[in-house]
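Grab a pencil and work through these exercises with the model open beside you. Each one sets a task and then walks through a solution.

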Amino acid sequence: MTTQQQRSRRTLWEGVRGICFDLDGTLVRPEAEPTTGQVAQMLGIPLEEARTMMEQGAKRRRTTPEALARDLAAAFHRPALAGPLTQVLEQARQRAAEPELFPDAEPTLVALRERGFALFALTNSLGSSIPAEPPQAFRTLLDQVIYSAETGAVKPEREAFAALEHVSGLGPDRLLHVGDSPRADVAGAAAAGWHTAWLDRHLAGGPLMPSARTVRLHTLTTLPLLLTAGPATAPAAISAASR
């Protein structure tokens, strides 16, 4: 990116006061085989079918690994799979309780926090994977994590982004969303009127993003360079009780 482009981006994002991140693939290293992929293999169904099924149900409500495993096994008339499915889902919950951050995540969040930005995460998460307590890394680096299973809305739905607006007390023009999914993160946030950044860690390339407010990043360390100095303080609407 040229110096002129950097200046243009700073002007474009000048009003941003809060920054929202996707989790898996953006802040957190995903598993080599995601949980939904493992479930699809065990049930013998295509990955896209499993993703659609999870988006319609398990990612919109809180549940336990045992309960979700029983529901899935019963729905596919495979009662013997209840035990193995429970194991897969329990492992997913354990990983969510102790996430492995990408090396560029913590330094970027610390730099943005020091400059006064309010920081959030918005994630489409299985209701069985929400940890009982927020992971230590998130408690110190983020104001709050918003899980789809707690709001009943999944990205790219407008309601998912509205939930973050409600928590932050910020309007769309004051929020920037950073994520690795062109559909769920970029298109969803752009449609909601947010500023957007696509984190293309794998240099996937592809067509231009759906909004002039979007920039493509290959690492999170670029993000602080593209933002203005930042608000002096985080928005007053975000109280300690909401963190």
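**Exercise 1: A proline in a loop**

Pro156 sits in the loop between helix H8 (148-151) and H9. Keep in mind that this is a predicted model.

Task: Find out what kind of peptide bond leads from Lys155 to Pro156.

Solution:
- Go to the loop between H8 and H9, where Pro156 is found.
- Look at omega for the bond from Lys155 to Pro156: the value is near 15 degrees.
- That peptide bond is cis.

**Exercise 2: The aromatic pair**

Task: Work out how the rings of Phe161 and Trp194 are arranged, and which parts of the chain the pair ties together.

Solution:
- Start with the count: the structure holds one aromatic pair.
- Now the geometry. The ring centres of Phe161 and Trp194 are 5.2 Å apart and the planes stand at 75 degrees, so this pair is edge-to-face. The cut-off you need here is over 60 degrees for edge-to-face.
- Next, locate the partners. Phe161 belongs to helix H9 (residues 158-168) and Trp194 to the loop between H10 and E5, so the pair links parts 33 residues apart in sequence.
- Finally, check the burial. Phe161 has 0% relative accessibility and counts as buried; Trp194, also at 0%, counts as buried.

**Exercise 3: A neighbour of that pair**

Task: Place Ala189, decide whether it is buried or exposed, and list what it touches.

Solution:
- Ala189 is part of helix H10 (residues 182-191).
- Its relative accessible area is 0%. Buried means under 20%, so Ala189 is buried.
- Leaving out residues up to four places away in sequence, Ala189 touches Phe161, His177, Trp194 and Thr196. Phe161 and Trp194 are the two partners from the aromatic pair.
- For a distance check, take Ala160, 29 residues from Ala189 along the chain: their C-alpha atoms are separated by 9.3 Å.

**Exercise 4: Two helices side by side**

Task: Say how H2 and H5 run relative to each other, and which residues make the contact.

Solution:
- Helix H2 (residues 35-43) and helix H5 (residues 82-97) pack with their axes 10 Å apart, at an angle of about 175 degrees.
- Angles over 145 degrees count as roughly antiparallel, and H2 and H5 are therefore roughly antiparallel to each other.
- On the H2 side, the contact uses Thr35, Gln38, Val39, Met42 and Leu43; H5 brings Pro84, Leu85, Val88, Leu89, Ala92 and Arg95.
- Sorted by class, that gives eight nonpolar, two polar and one charged residues.
- Look at H2 once more: its buried residues are Thr35, Thr36, Gly37, Val39, Ala40 and Leu43. They pack against helix H3 (47-56), H4 and H5.
- Just after H2 comes Gly44, with a positive phi of about 70 degrees.

**Exercise 5: An unusual phi**

Task: Describe the backbone and surroundings of His77.

Solution:
- His77 lies in the loop between helix H4 (65-75) and H5.
- Its phi is positive, about 55 degrees, although His77 is not a glycine.
- With 69% relative accessibility, His77 counts as exposed.

**Exercise 6: The core**

Task: Find the residues with the most contacts inside the largest nonpolar core, and the element giving the largest share.

Solution:
- This core has 30 residues, and those with the most contacts inside it are Trp13, Ile19, Phe21, Leu27, Leu176, Leu223 and Leu227.
- Elements that each supply at least two core residues include strand E1 (18-21), helix H6 (105-114) and strand E4 (175-179).
- H6 gives the largest share, three residues.

Definitions and conventions:
Residues numbered from 1 in each chain as written. Predicted model: local features only at pLDDT ≥ 70, side-chain atom pairs only at ≥ 80, totals over all residues. Heavy atoms only, no water. Core = buried A, V, L, I, M, F, W, Y, C linked by side-chain atoms within 4.5 Å. Buried < 20%, exposed > 50% of the residue type's maximum accessible area, 1.4 Å probe, protein only. Helix = DSSP H or I, 4+ residues; strand = E, 2+ residues; numbered from the N terminus. Contact = heavy atoms within 4.5 Å. Axes fitted to C-alpha atoms, helices over the stretch in contact; angles between N-to-C directions. Parallel < 35°, antiparallel > 145°, perpendicular 65-115°, else oblique. Nonpolar A, V, L, I, M, F, W, Y, C, P; charged D, E, K, R; others polar. Phe/Tyr/Trp six-rings, centres within 6.5 Å; stacked < 30°, edge-to-face > 60°.
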